[in-house]
Amino acid sequence: MTSTHGRISLALPIALAFAAVISGCVTSPTTPGPSAARGQLLAEAKCGACHSLSGKARPGEAPSFTALAENYRAHSLRARLTEIDETGHFNMPPLKLGDADVEDIAAWLETLPLP
């Protein structure tokens with residue numbers, strides 16, 4: 001014989017787990033998720049000294065993150081970041097971030113508004 005208390009105590013953790021999974025799936029494309037937030041921190045720390053965090057770059061300087069977001073979207077953005085991560089680019093040394101960090105930075109750049 002199963003008690004009602006036993007069924008309730010098992011149902012509650014299952015319901016909470018289901019709610020957590022569902023809430024993680026419902027995000028707005030303009031609201032940075034956890035990986036986008038981490039990507040912003042990484043970009044600021046690793047790239048912010050040369051790339052403008054907002055606005056436009058002055059002539060002869062590295063492009064702003066907004067310009068990068070405009071020029072590289074979706075797959076090409078990730079491919080370009082992976083290439084830079086491994087081999088560098090112009091005056092940039094290889095970043096040596098790794099796949100997860102590249103995904104985070106790409107996720108953040110995809111949240112930036114296009115001009």
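K96 is exposed, with a relative accessible area of 60%, where exposed denotes over 50% relative accessible area, buried under 20% and partly exposed in between, for a 1.4 Å probe and protein chains only. This residue is found in the loop between helix 4 and helix 5; helices (H or I, at least four residues) and strands (E, at least two) are DSSP runs numbered from the N terminus. The phi of K96 is near 55°, a positive value in a residue other than glycine. F90 is likewise placed in the loop between helix 4 and helix 5. A positive phi of about 45° is found for F90, although F90 is not a glycine. F90 is exposed, its relative accessible area being 80%.

The model is predicted, so that local features need pLDDT of at least 70 and side-chain atom pairs count only at pLDDT 80 or more, while totals for chains, interfaces and linings use all residues. Residues are numbered from 1 along each chain as its sequence is written, and side-chain values use heavy atoms, with hydrogens and water left out.

The chain contains 5 helices and 0 strands, and its pattern along the sequence reads α-α-α-α-α. Of its 115 residues, 24% count as buried. A contact is defined by heavy atoms within 4.5 Å. Among contacts between residues at least 6 apart in sequence, 56% join residues at least 24 apart. The chain exposes about 7,900 Å², of which carbon and sulfur atoms supply 64%; accessible areas come from the Shrake-Rupley method with a 1.4 Å probe, and for residues only the protein chains shown count as cover.

Helix 5 is largely enclosed by the rest of the structure, because 8 of its 11 residues are buried. The buried residues of this helix are D101, V102, D104, I105, A106, A107, W108 and L109. D104, which is in helix 5, counts as buried at 9% relative accessibility. The side chains of D104 and R38 are joined by a polar contact of 2.4 Å. A polar contact is a pair of N or O atoms within 3.5 Å; within protein, one atom must be able to donate a hydrogen and the other to accept it, and residues adjacent in sequence count only if both atoms are side-chain atoms. With neighbours within four places in sequence left aside, D104 is in contact with S35, A36, R38, G39 and L42.

Helix 5 is also reached from helix 4, in which L81 lies. L81 counts as buried at 14% relative accessibility. Beyond its neighbours within four places in sequence, L81 is in contact with V102, I105, A106 and L109, and these four names are among the buried residues of helix 5. The C-alpha atoms of L81 and D99 are separated by 9.4 Å, the two residues being 18 apart along the chain.

The loop between helix 2 and helix 3 holds S64 as well as L53. S64 counts as buried, at 2% relative accessibility, whereas L53 is partly exposed, with a relative accessible area of 41%. Their C-alpha atoms are separated by 6.1 Å, although L53 and S64 are 11 residues apart along the chain. A polar atom of the S64 side chain lies 3.1 Å from the backbone nitrogen of A67. Outside the four nearest places in sequence, S64 is in contact with S52, G55, K56 and A57. On the same basis, L53 is in contact with E44, G48 and F65.

The largest pocket has a volume of about 600 Å³. Of the 26 residues lining this pocket, the closest to its centre are H51, A62, I84, H89 and M92. Two or more lining residues are given by each of helix 2 (34-47), helix 3 (65-71), helix 4 (74-87) and helix 5 (99-109). Helix 4 gives the most to this lining, with 4 residues. By class, the lining comprises 17 nonpolar, 6 polar and 3 charged residues; Ala, Val, Leu, Ile, Met, Phe, Trp, Tyr, Cys and Pro count as nonpolar, Asp, Glu, Lys and Arg as charged, and the others, Gly among them, as polar. A pocket is here an open set of points on a 1 Å grid over the protein atoms alone, where a 1.4 Å probe fits, with protein on both sides within 12 Å along at least five of seven lines; lining residues have an atom within 4 Å of a point. Grid points are joined across faces, edges and corners, and the volume is the space filled by probe spheres set on the points.
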